[in-house]
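Me: I would like to learn how to read a few features of a model. Could you take me through them one at a time?

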Amino acid sequence: MNYSPRLLLNRITSHGVDLDGNTPIIVEAFTRNGRIAYRKVSSDNSTRKTIVASCMLQRESFTRWITIPLAAPRKAIRVVSTLLDIQLPFALDKCEYSVVSVVGNRDSKSTSALVAGARHSEIASRLHLLSAAGFSPHVMDQEGIALWSQLIEEEPQVTSANVTAVLFFFASNRTTISIGQNGRFVAAHSVNSPDVSMLQRILRPYLASPTRSLMAFRSGPSALTVCTPLFLSDLCSSLQISEPQAVRDPESFLARACARRALMGDAYQLNLRSGKFQIEEHKLQASRRARHTAVVLLLAGLALCTSSAFWIWAENRRSAELQGVSRQLAESIVGNPKLAPPGQELLAAQRSIEEQKTIYAPLLAPFEPPLSDVLQRALSSALQNGANVESMTFNGISVILHGQAPDWAACERLSVALREPAWTTRLERKDAPSMASRPAFVLRMTRIP
Amino acid sequence: MKPLPRSVQALWLIAISAFLIGTVSTIISLMQMKSKMSTWHRKSRDIYQLSALRTERNRLQAAMRMHEQWRGPMTPVQNMAGTFFPGVSHVNWKESSDLLAPGWRINRLTLSLADVPADTVFRFLAAVASNNPPWNLESGNLQSGSASGRLARIELTLSRVQSPGVGNAE
């Protein structure tokens, strides 16, 4: 709905074409420092980088605000065609139409949708006329909406609250009136000749509210010729409005609207050159974009698949490596690979070593620090501390000394002296015979495994 | 809107399939990553422990090889006791031999002495330990005598491993 043809076609300038009778009015729009700029051109010198835009006249097309009893805009859009079909005096399948805008209503229960469209025959006729004049537009806008949209762009004061704005567009073969309120497009009408009474009849319903301030503008290639002081006086007195204000460069107003909207897009974007009228370039572009998007998606999918496959491969390889190393080590310990089932290597190796150690522990004894050294040191330390060792019981893992010392401090010094990384000591007081003056002790030394 | 050409539709179908497969497999991989990391961590720890166990086994095997190389002439312990403790007549001897593993035996010798100098006992122990294969002090007890530096009574159990193919020379 709100798409920008520039994005679709990747163009950098646009040509807006308004046929005033058989005279084309061409405006080139381009961006300069981020702002839109216009330049009148005498002939269509469009290049591959130019979007050409024209519009269906108001009398060849229709605009409708349709009220849909659904609050959700997405749902509302789905039923627009059904409701529109009822309202139109011709079959909808003979038309090209576009939902231009969808807004929620104040009651929060319904939605209003602005629809613009034209019959196939009218579009074909207009394209034929344009083709005869040497133009093949990419975009077919709708006159009434384009005029209103350009008015908002050039006269932003019309978007103020409680303002009703009327834009008269005078061309050699028609007069189009575009009406909006509070900056929102309301309706557009077209008459063949600028007849004041007819204009009065058309506009009266919109100007009924006295509380609204009214702003009127005039534009179009015939604005200067039609808007004589007498005509304006008649118009103002019959409609009870102030004199319509001329817009800047009124002649090219519609061409500017078409060019700008095609290049920049806006809130009321539409293109009636769709469906069977869509130009081949658009079709190709749409197909190319679809293919391009699919390729990007495919590449992303393949990248994800590849990364997942790589992860699975790396994961399996790492697991196999670790398992291989683990198995190799276990086999070197256990000897028989069947003794170490996968995942149980450590357990099997631990059992094997325990069994081997139980059997072969005496083989290691010659390579351990000799027990006699410990005994000798214990005896010499006891002697140094004035202790008397009465008995000493020992085996491979413990040494127990019974004795007496001059005082308890000497016992503790002995305990500390015999403490070393491979042995722990525990000192206990022993009940001494009642006549003994020296404290008796038991010193237990235990080898740390 | 006109439908896309069949080729583009097919491309879309393939692309969506590939994307879905890729996304699902990536999600599964990510979900499995934590448990895999944990498994790897556990395996690495196992390998570290297995390396330590292999070092232990290497020690055992080195010890076995060393014992197999000890095949030189040996001085009987009784002779050595006679040398170190001359005049000590009341020496009690007790010998035993047990099977350690096929081909491997452990010989034990328990001797009891009384009233011997402590330093001589330790020199005797150092001398028997220098035999090939050595006699190791396995267990025992001692009681000090009244005179300083002499032991009232000692009982020592010495053990020696006998490797396969080596007869008892004593």
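Reply: Happily. Helices (H or I, at least four residues) and strands (E, at least two) are DSSP runs, numbered from the N terminus. With that, Asp115(B) can be placed in strand 2 (residues 104–117) of chain B. Keep in mind that this is a predicted model, in which local features need pLDDT of at least 70, side-chain atom pairs count only at pLDDT 80 or more, and totals for chains, interfaces and linings use all residues. Residues are numbered from 1 along each chain as its sequence is written, chains are lettered from A and ligands numbered from 1 in the order in which they are written, and side-chain values use heavy atoms, with hydrogens and water left out.

Me: What is unusual about the phi of Asp115(B)?

Reply: Most residues other than glycine have a negative phi, and most peptide bonds are trans. Asp115(B), however, has a positive phi, near 55°. Asp249(A) also has a positive value, near 45°, and sits in the loop between strand 13 (245–246) and helix 8 (253–264) of chain A. As for peptide bonds, the one joining Asn132(B) and Pro133(B) is cis, with omega about -10°. Pro133(B) belongs to the loop between helix 3 and strand 3 (136–144) of chain B.

Me: Is Asp115(B) buried, partly exposed or exposed?

Reply: Buried means under 20% relative accessible area, exposed over 50%, and partly exposed in between (1.4 Å probe, protein chains only). Asp115(B), at 45%, counts as partly exposed, and Asp249(A), at 34%, is partly exposed too. For whole chains, 47% of the 449 residues of chain A count as buried, and 39% of the 170 residues in chain B.

Me: Which residues of helix 12 of chain A are buried?

Reply: An α-helix has 3.6 residues a turn, so residues three or four places apart point the same way. In helix 12 (residues 408–417) of chain A, the buried residues are Ala410(A), Cys411(A), Leu414(A) and Ser415(A). Seen down the axis, they fall within an arc of 145° (taken from the directions from the helix axis to the C-beta atoms), so they line one face of the helix. These buried residues pack against helix 11 (371–384), strand 16 (423–430) and strand 17 (440–447) of chain A.

Me: How do helix 9 and helix 10 of chain A pack?

Reply: Axes are lines fitted to C-alpha atoms, for helices over the stretch in contact, and angles run from 0 to 180 degrees between N-to-C directions. Angles under 35 degrees count as roughly parallel, over 145 as roughly antiparallel, 65 to 115 as roughly perpendicular and the rest as oblique. Helix 9 (residues 280–334) and helix 10 (residues 345–364) of chain A pack at about 20°, with their axes 9 Å apart, and are therefore roughly parallel. Contact means heavy atoms within 4.5 Å; among the contact residues are Ala330(A) of helix 9 and Ala349(A) of helix 10 of chain A.

Me: And what of helix 2 and helix 3 of chain B?

Reply: The axes of helix 2 (residues 77–84) and helix 3 (residues 118–129) of chain B come within 10 Å and cross at roughly 150°, and the two helices are therefore roughly antiparallel. Val77(B), Met80(B), Ala81(B) and Phe84(B) in helix 2 meet Thr120(B), Arg123(B), Phe124(B), Ala127(B) and Val128(B) in helix 3 of chain B.
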